[in-house]
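Reader: I'd like to go through this one with you, and I'll keep asking how each label is earned. Where do we start?

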Amino acid sequence: LALLAALHGLLDAHPLALPALFALMDAATAMCLAAVTALSLQPAPAAVVATPPAPPTTLTRSIVSTLHARPEVAALLYLFNPLTVATCVAQTTTVFENLALALCLLCVLARRPALACALLAVSAYLSLYTLLLLPAVACVFSSDPRARVRSYSYIAIAKITLMFCTLFGSLHVASYFLMGHSWSYLSEVYGFFTEMFGQFRLFFLLALILHTAIYPVPLSLRLWRFPIFNFFTMCCMVVLLKSYPCVGDIALCLGLIPSQYHILHNVTCAFVCGMTMVFVLLLSLVYWRLWIFDGTGNANFFYALNLVMGLVVALYTSDGVSAALKLTYQEKHGLKAE
């Protein structure tokens, strides 16, 4: 609420400054994604956590070499994505959330735990569902990516968790004072969906909030050799499990694809998912016209599109995780990639 008030004051004082601010935030996010792509496709030195490359086949080396030489592919994919443009034009706080997550991932690669926790806390403050990324970040800083056997430092996990909780709690304490010594903003910001359907409050709390806590820890433990891919997977899970997903959430996932293309090029349903997503986006424009201007539609149209988009994200994410597990099996047993 304080951020929205500050943006509203900026708009009143300088009408042209606010659109420029959102455009700069998107440009900064694109630069961070380009840096993440360049770092994550490098061979992992001692001070950098990177996703292990695929087995040394000619095709894989060619793909990885091309993307590593052109990290701007990730920046262009995010910056000129229609979903990113729509989010920037709408001037939503998703722009700040995406920037915080991109910077957090960059800090993870640079082995800066304090900055990574601070940026993740900011993102979680803006959208509670990004708490799902905490196990992925904690596992990165508590394990050695060069080790062939999975091992974690539970002390490091406790430190990362405590650091995040302290920073996240500090933001809420500051909000408590800014809101006139009141916690009322919590229900206004985080409980919107349950307020609409009071008789199903417990059901929605379980299905939309508590249910999401099932996935982060098992995925982080299973994908320990691919920490950046795990981060990408959890971003997709946020889109899938969020009660009110934004198009900007999907834009960030698309911007992370080039950095993990040495895994995701094995996804078999990429064409079907891509065409379905394009169809959903075009149909959403038609539904928006029918609802807003013609008055012949309603919110159920977008609810149906949201279900289809969730199916696309679930299919692509599950196929990507399957490709990562298959790559792990091939590396463990010394098999050649197909």
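Author: With the largest pocket: H18 gives the largest share of its lining, 10 residues. Helices here are DSSP runs of H or I with at least four residues (strands are E runs of at least two), numbered from the N terminus. Keep in mind that this is a predicted model, where local features need pLDDT of at least 70 and side-chain atom pairs count only at pLDDT 80 or more, while totals for chains, interfaces and linings use all residues. Residues are numbered from 1 along each chain as its sequence is written, and side-chain values use heavy atoms, with hydrogens and water left out.

Reader: What makes something a pocket and not a cavity?

Author: Whether the probe can escape. On a 1 Å grid over the protein atoms alone, a cavity is a set of points where a 1.4 Å probe fits but cannot get out; a pocket is an open set with protein on both sides within 12 Å along at least five of seven lines, and lining residues have an atom within 4 Å of a point. The largest pocket has a volume of about 1400 Å³, counted as the space filled by probe spheres set on the points, with points joined across faces, edges and corners. Its lining runs to 40 residues, and nearest the centre are Tyr244, Pro245, Cys246, Phe302 and Asn306. Besides H18 (299-333), helices giving at least two lining residues include H5 (82-90), H12 (201-208) and H17 (270-294).

Reader: How do the residues of that lining divide?

Author: Into 30 nonpolar, nine polar and one charged. The bins are simple: Ala, Val, Leu, Ile, Met, Phe, Trp, Tyr, Cys and Pro are nonpolar, Asp, Glu, Lys and Arg are charged, and the others, Gly among them, are polar.

Reader: And how many cavities of 30 Å³ or more does the structure hold?

Author: Three. The second largest has about 60 Å³ of space, and its lining includes Glu97, Asn98, Cys235 and Asp249. Helices H6 (94-109), H14 (227-241) and H15 (247-256) each give two or more residues to that lining. Here the split is six nonpolar, two polar and two charged.

Reader: How do you know that the span of H14 agrees with what it should be?

Author: The expected span is 1.5 Å times one less than the number of residues. H14 has 15 residues, so it should span 21 Å, and its end C-alpha atoms are 21 Å apart, which agrees. H18 passes too: its 35 residues should span 51 Å, and the ends are 51 Å apart.

Reader: Why is H14 called mostly covered?

Author: Count its residues: 14 of 15 are buried, where buried is under 20% relative accessible area, exposed is over 50%, and partly exposed lies in between (1.4 Å probe, protein chains only). Phe229 and Phe232 are both buried, and they sit three residues apart in H14, about one turn of the helix.

Reader: What makes Phe229 and Phe232 a tilted pair?

Author: Rings of Phe, Tyr and Trp (its six-membered ring) pair if their centres lie within 6.5 Å; planes under 30 degrees apart are stacked, over 60 edge-to-face, the rest tilted. Phe229 and Phe232 come in at 5.9 Å and 35°, so tilted fits. Trp291 and Phe302 are tilted as well, at 5.7 Å and 45°. That pair links distant parts of the chain, Trp291 in H17 and Phe302 in H18, 11 residues apart. By this rule the count comes to eight aromatic pairs.

Reader: Are Trp291 and Phe302 buried or partly exposed?

Author: Trp291 has 36%, so it is partly exposed; Phe302, at 27%, is partly exposed too.

Reader: What caps the N-terminal end of H18?

Author: Asn298, with a side-chain oxygen 2.9 Å from the backbone nitrogen of Asn300. Just after H18, Gly334 takes a positive phi of about 70°.

Reader: Which residues other than glycine have a positive phi?

Author: Gln91 and His181 are among them, both near 55°. Gln91 lies in the loop between H5 and H6, and at 28% counts as partly exposed. His181 is in the loop between H9 and H10 (184-190); its 51% makes it exposed. Leu21, in H2 (residues 17-40), has its C-alpha 9.4 Å from that of Gln91, though they are 70 residues apart in sequence.

Key. A polar contact is a pair of N or O atoms within 3.5 Å; within protein, one must be able to donate a hydrogen and the other to accept it, and residues adjacent in sequence count only if both atoms are side-chain atoms.
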